[in-house]
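This report walks through one protein chain and its ligand, from the division into domains to single residues. Please keep the sequence and the 3D view open while reading.

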Amino acid sequence: MRTPERTADVVVVGGGPVGCVTALAFAKSGRRVCLIDPDAPSNRLTGEWLHPTGAGILTNLGVSLTEAGVEHAPGHGFAIFPNGESPIVLPYDGGERGIGVRQHLLVNAVRAALARYENVTVLSGYRVAEVARGGVTAVTPDRETTVRVAAPLVVGADGRQSIVRQALGYSTSCRPLSYMVGVLIDPAALPVADYGNVLLGGPGPVLAFRVGANQARVCIDVPADRVAWVRNPAELLAAYRPALPVALHAAIADALALGPPQVAANQLLPRRAYGRTGIALVGDAVGHCHPLCAVGMSVGFLDAMTLATCRSVEEYTGLRRTAGRVPELLSMGLYDLFVGTDDGTPELRAAVFHLWRTSAAARRDTMRLLAVRETRRAALGVTFARLLTVASRQVAIGALTRPVSRTLGAVAGFGRWAGWFAREALAR
Ligand SMILES: Cc1cc2nc3c(=O)[nH]c(=O)nc-3n(C[C@H](O)[C@H](O)[C@H](O)COP(=O)(O)OP(=O)(O)OC[C@H]3O[C@@H](n4cnc5c(N)ncnc54)[C@H](O)[C@@H]3O)c2cc1C
């Protein structure tokens, strides 16, 4: 067995979207980078909507999907369909645009940009097997070839099962949330073109958006206790029929008739630990949450850009600890709000829809949070307090005409939500 030695300033473990952007950010600042990944970018079900924040980072790093010939589509914001009612359109603040793109094509484009840098080495077909402060050891699948890469900074961009995270001694146990069933359809069936369509009123939210001129991605959120639907298209289609416009339902049925859909597990691992001297984590290796708000890649790209400008992992941790937590809280809070049925939740849900329909300020603030433009806890707090105020007012008005027990249940439910927010968002 050969064990060649290499050296670099930074070794990045994992060549997914965040690992590639991390390598590019360090390469641009003149550091010698070694990027290690075992696989060519795969066609699995994963993130395909990039907020303007993430799209802007790609542009600043010199990645142009148009120039790279990668099929993609513009995303102007979200169109929310509450229970079959008319859509609420939430455009990005200031007319910004996101991108819908198949992730493996995006990763190929970033890898092509990396190839322009002489200070970058890519070890494809190697999996990192050992991590220590000062470097990593990578092996080929047949274990015939081993490479040791010495570097003062090791970056774990190796996703949910991160070996770098394990080497740091952090827990990798996630909370299972639900499953995502994914199909590709003709974009003509989308209710609102060029927006991320979020269809509510089924057992879980359905997301649908264009990823190119001729393709749209549909992600159907299936509750964990309904996992059997994943392999039963007839039951799946029947369960979500009330939430879907006829054309979209028919397009999903056509796609399911072609063969089994792609499936992914949605899990929560809160973003709390970012590494320590000499070893840092970025992207899903830090944590991951429900993909309803499509923040995973944008948050990971912000990790990458911050790390590349910090003098130490400790400085990086300090900067990202709060900023990384706000998009996660928003994602988890909105998901629970959209699917929850316990006391107080339907009233809060109605208040959100009312606010979005009636207040331009609420729409703008929500989109700044969703787009990861606003990451201060105080901003999330203001949005949440405004929501509770509107919901309480609506409940107070409704109290005159409905049973006292329902009003009391709603008030208790608001208290639980306020407790959740205080525990999760305000805790140091
Ligand atoms: C169904 C679904 C839909 C989603 N939708 C969106 C969306 O629309 N928008 C969005 O922004 N986010 C979305 N997300 C989240 C998004 O996919 C992730 O946040 C993003 O892919 C994380 O990128 P990453 O590079 O950190 O990790 P990954 O994409 O998991 O990449 C990790 C890389 O590390 C490599 N690797 C693993 N182990 C090793 C090792 N030992 N040695 C070397 N390499 C290794 C892997 O081969 C892989 O290439 C979604 C997630 C799911 C599940």
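## Domains

In this predicted model, the protein chain is divided into domain 1 (5–65 + 102–172 + 269–323), domain 2 (175–267) and domain 3 (341–425). The C-alpha centres of domain 1 and domain 2 lie 30 Å apart, and the contact between the two domains involves 12 residues of domain 1 and 13 residues of domain 2. On the domain 1 side of this contact, six residues are nonpolar, three are polar and three are charged.

## The ligand shell

Where does the ligand lie with respect to domain 1 and domain 2? Both domains give residues to the shell around the ligand, so the ligand lies between them. The shell holds 37 residues, of which Gly16, Gly47, Gly159, Gly283 and Gly296 come nearest.

Two or more residues each come from helix H1 (17–28), strand E3 (33–37), strand E4 (49–50), strand E10 (127–132), strand E18 (262–268) and helix H7 (296–309). Among these, H7 gives the most, with four residues. Sorted by class, the shell around the ligand is made up of 18 nonpolar, 13 polar and six charged residues.

## Two strands of the shell and their partners

Strand E4, which gives residues to the ligand shell, also belongs to an open sheet of three strands in the order E4-E8-E5, with antiparallel pairing. E4 and strand E5 (73–75) are the edge strands, each pairing on one side only. E4 is joined to strand E8 (residues 98–100) by two bridges, and these two strands run antiparallel; Leu50 has Ile99 in E8 as its bridge partner.

Strand E10, likewise a contributor to the ligand shell, is joined by five bridges to strand E11 (residues 135–139), and the two run antiparallel. One of the bridge pairs links Glu130 with Thr137 in E11. E10 and E11 form a hairpin with two residues between them, and Gly134 in the turn has a positive phi of about 105 degrees.

## Helix H11 and its buried face

In helix H11 (residues 360–370), the buried residues are Thr366, Met367, Leu369 and Leu370. Seen down the axis of H11, these buried residues fall within an arc of 160 degrees, so they line one face of the helix. This can be read against a general property of such helices: an α-helix has 3.6 residues a turn, so residues three or four places apart point the same way.

The cover over the buried residues of H11 includes strand E6 (77–81), strand E7 (88–91), helix H9 (325–339), helix H10 (345–358) and helix H12 (377–398). On the other side of H11, by contrast, Ala360 and Ala361 are exposed. Val372, with a positive phi near 60 degrees, follows H11.

## Trp417 in helix H13

Is Trp417, a residue of helix H13 (residues 404–425), buried or exposed? Trp417 counts as buried because it has 21 C-beta neighbours inside 10 Å, where the cut-off for a buried residue is 20 or more. Leaving aside residues up to four places away in sequence, Trp417 touches Gly344 and Leu348.

Trp417 can also be placed relative to Glu130, the residue of the E10–E11 pairing whose bridge partner is Thr137. Trp417 and Glu130 are 287 residues apart along the chain, and their C-alpha atoms are separated by 43 Å.

Definitions and conventions:
Residues numbered from 1 in each chain as written. Predicted model: local features only at pLDDT ≥ 70, side-chain atom pairs only at ≥ 80, totals over all residues. Buried ≥ 20, exposed ≤ 12 C-beta atoms within 10 Å, placed from the backbone. Contact = placed C-beta atoms within 7 Å. Domains from an automatic or database assignment. Nonpolar A, V, L, I, M, F, W, Y, C, P; charged D, E, K, R; others polar. Near = placed C-beta within 6 Å. Pairing = 2+ DSSP bridges. Arc of directions from axis to C-beta.
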